[in-house]
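Dear colleague,

I am handing over the structure below, and after it you will find what came out of going through it. Please read the notes with the structure open beside them.

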Amino acid sequence: MTALARAIEVTRRYGEVLALDRVSLDIRAGELVGLLGPNGAGKSTLINLFVGLRRPTSGTVELLGGSPQNPVTRRGIGVTPQETGLPESLRVGEIVGFVSAHFPEHTDKGELLDRFGLSDLVKRQIGGLSGGQKRRLAVALAFAGKPRMVFLDEPTTGLDVEARRSLWDGVRAFHDEGGTVLLTSHYLEEIEALAERVVVVGQGRVLADDTMRAVRDMVGVRRVSFAAEVVPELPGVLGSEREDGRINLVTTDPDRLVVELVRSGAPFSGLEIRPTTLEEAFLAITSKETADV
Ligand SMILES: Nc1ncnc2c1ncn2[C@@H]1O[C@H](COP(=O)(O)OP(=O)(O)OP(=O)(O)O)[C@@H](O)[C@H]1O
């Protein structure tokens, strides 16, 4: 399958901040990929590199087989950034016409508005739309130029459940017709509803790149934490680290791990078991730093 967007060993710095650290990623034709990660993980930076808004500090970014800096290449994509500002005095129908006119081919206006639940608002001025309606319009505009690929950065932030579902339907319809999508989200639920492949990013690195099912299984991991000098070999430990005199073990089976810990007879205190966030789970599992436990 052809890669429509490609990052090869891409690093991006903003002064002292290392936003992306040697990221390699291929988005192939027809894929719907979810980019999941906490605030500051580097998701928007990656999207901005793919769509040519920024350049990498090192490494290579390719878009539709060419350079994202080339405006002709960019005609083949649609983008909704995290924040958008649309002219308040234009009507919904007018802005769709205006954006569409920039592309050699465009999606039928009625069909586009219908897809994103905006048909009743065609004559409404943008200034008179609710926040959720504006967001849906901003996302719909990414599809106006019959793109081969769309990039959606946090498309449903601020939307209520119904508006979110309507937007998801629009994205799915595009994908069902063969369109390629890369979207970012903080919400596992959103990625789960749409994407088959999920790329988890944290601290500028790709922590996991797998099917939704595999990532979901990883989310079930727990952190077993206690204070101890030495820890015996224990079963089912996916990752471990030592922090302030405590040992943190990541496992899918905390009950068994605790039973084996007690059985081992090794002294310990302050036992805690808690769920991990997605980022914690992946950072722990992929951490090179296994500490001397
Ligand atoms: N223009 C900039 N100048 C300085 N630092 C920046 C700039 N843009 C991003 N950063 C930093 O780069 C890192 C990655 O930011 P980025 O916006 O890509 O993350 P994100 O995963 O999209 O986060 P969010 O979910 O909050 O949007 C953060 O530490 C951020 O503060």
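The largest nonpolar core has 61 residues, and among them Phe50, Ala140, Val150, Phe151 and Val181 touch the most other members; such a core is a set of buried Ala, Val, Leu, Ile, Met, Phe, Trp, Tyr and Cys residues joined through C-beta atoms within 7 Å, where buried stands for 20 or more other C-beta atoms within 10 Å of a residue's own, with C-beta atoms placed from the backbone. Once neighbours within four places in sequence are left aside, Phe151 is in contact (C-beta atoms, placed from the backbone, within 7 Å) with Ile47, Phe50, Val51, Ile77, Val79 and Leu182. There is also a second, separate core of eight residues, including Val224, Leu234, Val250 and Leu257. In soluble globular proteins, nonpolar side chains tend to be buried together.

Please keep in mind that this is a predicted model, in which local features need pLDDT of at least 70 and side-chain atom pairs count only at pLDDT 80 or more, while totals for chains, interfaces and linings use all residues. Residues are numbered from 1 along each chain as its sequence is written.

One open sheet consists of three strands in the order E2-E1-E4 with antiparallel pairing, where strands (E, at least two residues) and helices (H or I, at least four) are DSSP runs numbered from the N terminus, and two strands pair if DSSP finds at least two bridges between them. Its edge strands, each pairing on one side only, are E2 and E4 (58–63). Strand E1 (residues 3–14) is joined to E4 by five bridges, and Ile8 stands opposite Thr60 in E4. Helix H1 packs on this sheet, touching E1, E2 and E4, and its direction makes about 120° with that of E1; axes here are lines fitted to C-alpha atoms, for helices over the stretch in contact, and angles run from 0 to 180 degrees between N-to-C directions.

Another open sheet has four strands in the order E11-E12-E10-E13, again with antiparallel pairing. Six bridges join E10 (residues 222–227) to E12 (residues 246–251), with Phe226 opposite Ile247 in E12, while helix H9 (residues 254–264) lies across E10, E12 and E13 at about 25° to E10.

Finally, the ligand is surrounded by residues including Tyr14, Asn39, Lys43 and Gln82, a residue being near if its C-beta atom, placed from the backbone, lies within 6 Å. The largest share of this shell, three residues, comes from H1.

Best regards

Definitions and conventions. Two residues are in contact if their C-beta atoms, placed from the backbone, lie within 7 Å. A residue is buried if 20 or more other C-beta atoms lie within 10 Å of its own, exposed if 12 or fewer, and partly exposed in between; C-beta atoms are placed from the backbone.
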